[in-house]
Amino acid sequence: MTLFPGFIEERIALDEIALFVRHGGTPGKPPLVLLHGYPQTSAMWHGVVAELADDFHLICPDLRGYGRSDKPETADDHFPYSKRAMAGDIAELIAHFGYEDAHVGAHDRGARVAHRLGLDHPERVRDLVLLDIAPTREMYATGGDAFARPYWHWYFLIQPAPLPETLIGHDPRSYWQMKCTGQTKGGTPWHPDALEEYLSAFEKPETIHATCEDYRAAATIDIAHDDADGGAKLEMPVHVLWGDRGVIESCFDALALWRRRARVVTGHALPGTHYFTEEHPATIADEMRAFFTRADG
């Protein structure tokens with residue numbers, strides 16, 4: 001039984017790499033690109049797309065470095081895993097499907113890619129729904145001890161290779177379960193088929209390395225790119241949602257931080273933890289539908 005009934009699943013070649021993409025829904029409806037987080041794949045959207053398939057043409061890629069997408073060689077500055085490089089992939093993917101622009105919904109690392117996509121390729125993004133993040137630079141700068149303890153992986157994964165790769169590689173499935181169930185307060189909201197996809201992908205050494213590079217880029221070149229932008233803000237409307245039992249709620253004023261980085265920001269907390277997209281997919285779908293189909297959308 002497929003998690004995405006009626007969807008096409010294929011690898012799509014872009015200029016430099018190929019992405020694994022699930023796409024389906026209703027042809028002729030507005031395009032909606034959904035970007036997943038760490039340490040997951042596009043499978044995380046299965047419950048959301050079931051609710052939105054009548055309203056959108058849905059495009060769900062595995063980000064570079066994740067799942068069944070390519071995992072290119074890295075560089076000393078980590079640029080191949082920068083959010084700029086990842087955002088470039090998504091801009092190409094939107095064009096591949098024949099669209100000038102698209103709605104974008106994104107969780108966790110994917111939401112960081114979406115943030116950079118809106119800055120580097122604003123012509124490709126109609127509007128954004130960002131799930132359970134504040135801006136990367138501001139989270140590192142203002143989180144403090146209360147943030148670092150539950151988000152210890154932000155500091156572990158950025159250590160020079162091969163330290164985290166070696167330690168995770170001894171038992172990647174146990175690492176995945178420990179990290180993720182810690183963020184769900186012990187809950188297990190994952191569909192068994194989605195969970196097996198996550199674990200099967202994550203136990204591969206090349207995935208472990210690529211996803212560490214994602215975090216190394218976030219702590220270095222991504223912040224350099226943010227700083228180089230100066231006071232540039234996202235110009236498209238942004239709707240921010242976060243779990244009321246997660247770190248964004250307890251450690252950050254998400255709306256205030258996003259209003260430093262975007263001109264038009266709405267949002268609020270929803271019931272759940274960091275993985276509230278899988279805890280409450282119908283609620284997330286309702287929020288996306290309402291925002292992406294609003295009168296000025």
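## Sheet, helices and cavities

Strand β1 (residues 8-13) and strand β2 (residues 18-25) run antiparallel and are joined by 6 bridges. The two form a hairpin, with 4 residues between them. To find your place in that ladder, look at Arg11: its bridge partner in β2 is Phe20. Keep in mind throughout that this is a predicted model.

Now zoom out to the sheet. The hairpin strands belong to an open sheet of 8 strands, and the order reads β1-β2-β4-β3-β5-β6-β7-β8. Pairing in this sheet is mixed. At the edges sit β1 and β8 (265-270), each of which pairs on one side only. On average, neighbouring strands are turned by 20° against each other, direction ignored.

For a parallel pair, go to strand β5 (residues 102-107) and strand β6 (residues 125-131), which are joined by 6 bridges. Here His103 stands opposite Asp127 in β6.

Two helices lie across parts of the sheet. Helix α15 (residues 281-292) lies across β3 (31-35), β5, β6, β7 and β8, and it runs at about 155° to β6. Helix α13 (residues 254-261) lies across β6, β7 (238-243) and β8, running at about 155° to β8.

Next, a helix pair. Two packed helices are described by the angle between their axes and the distance between the axes. Helix α2 (residues 83-96) packs against helix α3 (residues 109-120) at an angle of about 75°, and the axes are 8 Å apart. Angles of 65 to 115 degrees count as roughly perpendicular, so α2 and α3 are roughly perpendicular to each other. On the α2 side, the contact is made by Lys83, Arg84, Met86, Ala87, Ile90 and Ala91. From α3 come Arg109, Arg112, Val113, Arg116, Leu117 and Asp120. That contact divides into 6 nonpolar and 6 charged residues, with no polar ones.

What about empty space inside? Rolling a probe the size of a water molecule over the atoms shows where empty space is left. The count comes to 2 cavities of 30 Å³ or more, and here is how they line up:

| Cavity | Space | Lining residues by class |
|---|---|---|
| Largest | about 120 Å³ | 4 nonpolar, 3 polar, 5 charged |
| Second largest | about 40 Å³ | 5 nonpolar, 5 polar, no charged |

The largest cavity takes us back to the helix pair. Its lining consists of Lys83, Arg112, His115, Arg116, Leu119, Ile133, Pro135, Thr136, Asp222, His225, Asp226 and Trp258. Helix α3 gives the most to this lining, with 4 residues, and both α3 and α11 (221-228) supply at least two residues each. Lys83, Arg112 and Arg116 in the lining also take part in the contact of α2 with α3.

The second largest cavity is lined by Pro39, Gln40, Thr41, Tyr66, Gly67, Tyr198, Ala201, Phe202, Thr207 and Thr211. Which elements give two or more residues to this lining? They are α9 (192-202) and α10 (205-219). Of these, α9 has the largest share of the lining, 3 residues. No charged residue is found in the lining of the second largest cavity, whereas the lining of the largest cavity has 5.

Note on methods: Residues are numbered from 1 along each chain as its sequence is written. This is a predicted model: local features need pLDDT of at least 70, side-chain atom pairs count only at pLDDT 80 or more; totals for chains, interfaces and linings use all residues. Side-chain values use heavy atoms; hydrogens and water are left out. Axes are lines fitted to C-alpha atoms, for helices over the stretch in contact, and angles run from 0 to 180 degrees between N-to-C directions. Angles under 35 degrees count as roughly parallel, over 145 as roughly antiparallel, 65 to 115 as roughly perpendicular and the rest as oblique. Contact means heavy atoms within 4.5 Å. Ala, Val, Leu, Ile, Met, Phe, Trp, Tyr, Cys and Pro count as nonpolar, Asp, Glu, Lys and Arg as charged, and the others, Gly among them, as polar. On a 1 Å grid over the protein atoms alone, a cavity is a set of points where a 1.4 Å probe fits but cannot get out, and a pocket is an open set with protein on both sides within 12 Å along at least five of seven lines; lining residues have an atom within 4 Å of a point. Grid points are joined across faces, edges and corners, and a volume is the space filled by probe spheres set on the points. Two strands pair if DSSP finds at least two bridges between them.
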